Each structure stands twice: as structure tokens, then as C-alpha cells.
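Open the model in your viewer and keep the selection tool at hand. The tour goes from element to element, with a selection at each stop.

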Amino acid sequence: MASPVAGPEIDIAPFIDHALLNPAATAAMVEKWCEEADRFHFAAVCVYPAYVRVAANLLHGKKPKVCTVIGFPTGATTAGTKLYEAQEAVENGAAELDVALNLGFLKAGKTREAHREIAEICQETGKPVKAILEMALLTEPEKRLAAEICADAGVAFLKTSTGWHGGATVEDVRLLKEITKGQIGIKASGGIRTHEQALELIIAGATRLGTSRSVGLLRQRESAGAAAER
């Protein structure tokens, strides 16, 4: 999958899904996040389903996409509930869907059920799906199995985590890149606190970064650049 050029002077902004997944988020906060996404040229704004229509109206005709989360954060709602939630989100203007995988299916060996759930959302919505694997809760064989199931189901991205049970690691991004051989995107998400960490994840193979600290990461780069010029 094509991505912005990686190198010492990577501009991380086009990689960023500007996330607002605070349960206490308000419409005013959504407006702020959308304005920032447009101003800083982020790839997308990621909001809860309740705010998809608000974000879609604010970003109409602008470059950042509207992303939302489905079955978030546990992935343990029913397949029918997830499908309905995904379809409603698309009707409200969502362009991308971050779908939490049912880890109980995976750990119980119910691979057919796990595959069917994700595949139905991919097929019925026709939108890019980012499958959330929650890597910190999986063994390496389970990580490989989850990635293979989701890739076969037709997802556009594999997402490392929700951020609720640990965050993205360079090792996990490298593993996903090895498994997918660059055929689908990789979204590193959770715990990205520094510009340097963001760069390391991109260099490892991440094609998207999910973070609520987006503007702060850019300002860290500006501060480092100003210090270097002194």
C-alpha cells in the first residue's frame, strides 16, 4: 500500500487519524478536532458514532476523512449489532470504520465466526475497514491468526490496539508488516506520546497513526527544529 515517503524529514501529519475517543467528548470538542484536522492536513478525524454526522457536516468538501469506531472498545457486541452500527455510521457520513475484533471468538478457535463478522461489514458497507486486533492481549500465534483472518476478510488496515489495554509497539508493527507483506495498511494506535515514537512507528511500517495528541506531536517537531537552529 502506498504511503507518504519515509525518511529523516517525514511529515507525520498525513499519517494521522486525529482521535477524539473521550467518552465525555462534546460537539464543541468535535468541532475543534475537525478544525485542527483541516488546518494541519491530517488524514482523518476519528470520533464516536454519535458524532459522525456532526463531523461529516464540518468536514464536507475538505480533505480529512471521517472515521468512527464500531464495537468499541471491547469488540464483544453481537455481529448483527456491529453490522447495524457500521451501516448507520456510513449513512451518517463515515468514510472509514475502525472495527474491534471479537477476541473471544479468536481465543475460542471460532475463526469462521470472527472472519464472517468482519467480512460482512467490509462487504455490506463498501468502506475501508480497520480491524482492531488489540495486540497486547494476544500471543504471537494469535496475532498472526487475527491478522490473516482480517486480511482474508477484506480489511483495508490492521490496527494495533484501542489504547485501552496497552499501545502500539514497533515490534507489533514490524510483525504486521511481515505478515501482510505490505499488501494492506497498518494503523499504529495507542500510547503515541512523542514525535520520535511516531517516526519510529512509521519507519517500522505504519501507514496510519491513531492519536489524540496529534497537534502536540507536531509542536514537538517544531520545537526540536527551532532548538537545532539556535
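**Strands 5 and 6**

Select strand 5 and strand 6 (residues 157-159): the two pair in the parallel sense over 3 bridges. Strands and helices here are DSSP runs (E, at least two residues; H or I, at least four), numbered from the N terminus, and two strands pair if DSSP finds at least two bridges between them. This is a predicted model, in which local features need pLDDT of at least 70 and side-chain atom pairs count only at pLDDT 80 or more, while totals for chains, interfaces and linings use all residues. Residues are numbered from 1 along each chain as its sequence is written, and side-chain values use heavy atoms, with hydrogens and water left out.

Pick alanine 131; its bridge partner in strand 6 is leucine 158. Now add helix 6 (residues 140-153), which with strand 5 and strand 6 makes a right-handed β-α-β unit (with the strands pointing away from the viewer, the path from the first strand over the helix to the second runs clockwise).

On the other pairing, strand 4 joins strand 5 in the parallel sense over 4 bridges, with leucine 97 opposite valine 129. Color strand 5 (residues 129-132) by burial: Val129 and Ala131 on one side, and Lys130 and Ile132 on the other, are all buried (under 20% relative accessible area, with exposed over 50% and partly exposed in between; 1.4 Å probe, protein chains only).

**Helix 3**

Next, select helix 3 (residues 79-91). Its buried residues are Lys82, Leu83, Ala86 and Ala89. They lie on the same side of the helix, because they cover an arc of only 130° around the axis (taken from the directions from the helix axis to the C-beta atoms). Turned away from that side are the exposed Tyr84 and Glu91. Just after the helix, glycine 93 takes a positive phi of about 120°.

**Valine 155 and the core**

Select valine 155. Which residues is it in contact with, leaving aside neighbours within four places in sequence? They are Ile118, Cys122, Val129, Ala131, Cys150 and Ile184 (contact means heavy atoms within 4.5 Å).

**Strand 8**

Finish at strand 8 (residues 208-211), where both faces are covered. Strand 1 (residues 16-20) pairs with strand 8 in the parallel sense over 3 bridges, and isoleucine 16 stands opposite leucine 209. Strand 7 (residues 185-189) also runs parallel to strand 8, joined by 3 bridges; serine 189 stands opposite glycine 210. Trace the chain from strand 7 through helix 8 (residues 195-204) to strand 8: this β-α-β crossover is right-handed.
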